[in-house]
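I opened my notebook and started clicking through this model. Here is what I looked up, roughly in the order I went.

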Amino acid sequence: MKMEMRGMLRYVCVFVIGIGAVTGKPVTTMQTLSLKYNFASNKLTSGADGTGPTVVEAKFDNKINETGWGYLQLKTAQSFPDSVQAYAAGVAEGRLTRNVTMMHWTNTMAGYCPKPYSQYCSKLSVFLTQNLKWMQQQIQTDKHRKMHSPLWHHVELFLYQAAGIADALNGVEKSPHTDVDPMGFYLFQMGGDLDDLETVLGDSDLHRPLGSGSCSALVKLLPGNKDLYVSQDTWDDFQGMLRILKVYDFPWKMSADKSEIMPGRVQAFSSSPGTLMSGDDYYLLSSGLVTMETTIGNSNSSLWQLVTPSSLMEGVRSVVSNRVTKSGAEWASTFSLFNSGTSVPSPCF
């Protein structure tokens, strides 16, 4: 996959990845999708029913059975409001990757919290519901006070994109919105946060071995600062091995009151079906940053009392930080805002 990276450092990246088997008939040919936006109905259209200007172009090549990876490319049109672009991007991704996303959900999350809920899952449902409600309140407060914060603008776009994927998976596409099922698609986005939430909310049935994170990062600076090499090694359980390499090209504004496009407009990252973040936390960004991390655990149990739903989960903070920052210092500052204290990474830039 090719993409332009102005000012990007040269890099060497290494992945040690297991290849997961895919059941059913794989899609091995390139799929393309063009979604148009009908301003009169405030809805997306495609195919024979497609009317209006194009808001997103998408391609997906499922070569998981051949290389271990699917390859997804999304590009939205700058002429549309950011909210429409984000929702349309989600719908396009959900449509094209629906089969492998449903497989990934079945492999990883379908049996995580079966009903009737256990005591832990009941607590988790309340926590995630409160967390989503708190984010919506912060977004609306920012708008009401006309603060035009890049942080809350892009948290909202995260929710628009997530809602778009969820709607496409469920076959109920709507006008752009930010409502996400806390124990459905939002749970899918928790990734490493769940490891710590299990401890915080008292799941005594799950016992994770020490060092059960999923990534290690390496940075090597050559003598005389002549060059910089970065590498990441990532691993997972066998059921988590449905993988997608994604390239997003989103010309979204820094905030609602600015015309400036976000620095991280183009992002290339390793990911999984249905998730908006990497999970490995390995990103190449058009801002000139390479973002990766090595997860560090919390061995101080007294800190768990500070974990609250009135915070931003790690996945949300990483996505937003990648989009709105230009330097390592800016990234770290943004990532620290409303820290959830879960899935604690040690980031490298």
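**Entry 1: Glu-330 and its helix.** I began with Glu-330, which sits in helix α9. One caution I wrote at the top of the page: this is a predicted model. Is Glu-330 buried, exposed or partly exposed? Its relative accessibility is 37%, so I put it down as partly exposed, since that class lies between the buried limit of 20% and the exposed limit of 50%. Leaving out neighbours within four places in sequence, I found Glu-330 in contact with Val-324 and Thr-325.

Next I checked the rest of α9, which covers residues 328-335. Its buried residues are Gly-328, Trp-331, Thr-334 and Phe-335. These four span an arc of only 130° around the axis, so they are on the same side of α9. I jotted down the helix rule here: an α-helix has 3.6 residues a turn, so residues three or four places apart point the same way.

**Entry 2: helix α8.** Then I went to helix α8, residues 314-324. How many of its residues are buried? I got eleven of eleven, so I noted α8 as mostly covered. The buried list includes the charged-looking names I wanted to check, among them Glu-314, Arg-317 and Arg-323. Val-324, which I had already met as a contact of Glu-330, is on that buried list too.

**Entry 3: another Glu.** I looked up Glu-156, which lies in helix α5 (residues 150-170). Why does Glu-156 count as buried? Its relative accessible area is 8%, and the label applies because buried means under 20%. Who does Glu-156 touch? Not counting residues up to four places away in sequence, I found Ile-139, Lys-143 and Thr-178. With Lys-143 there is a polar contact between the two side chains, at 2.7 Å.

**Entry 4: the disulfide.** I searched for disulfides and the count came to one. It joins Cys-113 to Cys-121, with the sulfurs 2.0 Å apart. Which hand does it have? The torsion about the S-S bond is about -85°, so I wrote down left-handed. Both Cys-113 and Cys-121 are buried.

**Entry 5: following the strands.** I traced some strand pairs one by one.

- Strand β1 (residues 31-38) runs antiparallel to β3, with six bridges joining them. One pair I clicked on was Ser-34 with Glu-57 in β3.
- Strand β3 (residues 54-63) is also antiparallel to strand β4 (residues 69-76), through eight bridges. Asp-61 has Tyr-71 of β4 as its bridge partner, and Asn-62 has Gly-70.
- Strand β4 pairs with strand β7 (residues 243-249) over seven bridges, this time in the parallel sense. Gly-70 turns up again here, with Ile-244 of β7 as its bridge partner.

So I can walk from Asn-62 to Gly-70 and on from Gly-70 to Ile-244.

**Entry 6: the whole protein.** Last, I zoomed out. I tallied nine helices and eleven strands. Of the 349 residues, 50% are buried. I also looked at contacts between residues at least 6 apart in sequence, and 67% of them join residues at least 24 apart. The accessible surface comes to about 16100 Å², and carbon and sulfur atoms account for 53% of it.

Key. Residues numbered from 1 in each chain as written. Predicted model: local features only at pLDDT ≥ 70, side-chain atom pairs only at ≥ 80, totals over all residues. Heavy atoms only, no water. Helix = DSSP H or I, 4+ residues; strand = E, 2+ residues; numbered from the N terminus. Buried < 20%, exposed > 50% of the residue type's maximum accessible area, 1.4 Å probe, protein only. Contact = heavy atoms within 4.5 Å. Areas by Shrake-Rupley, 256 points an atom, 1.4 Å probe, with all protein chains shown as cover. Polar contact = N/O pair within 3.5 Å; in protein donor to acceptor, adjacent residues only side chain to side chain. Disulfide = S-S within 2.5 Å. Pairing = 2+ DSSP bridges. Arc of directions from axis to C-beta.
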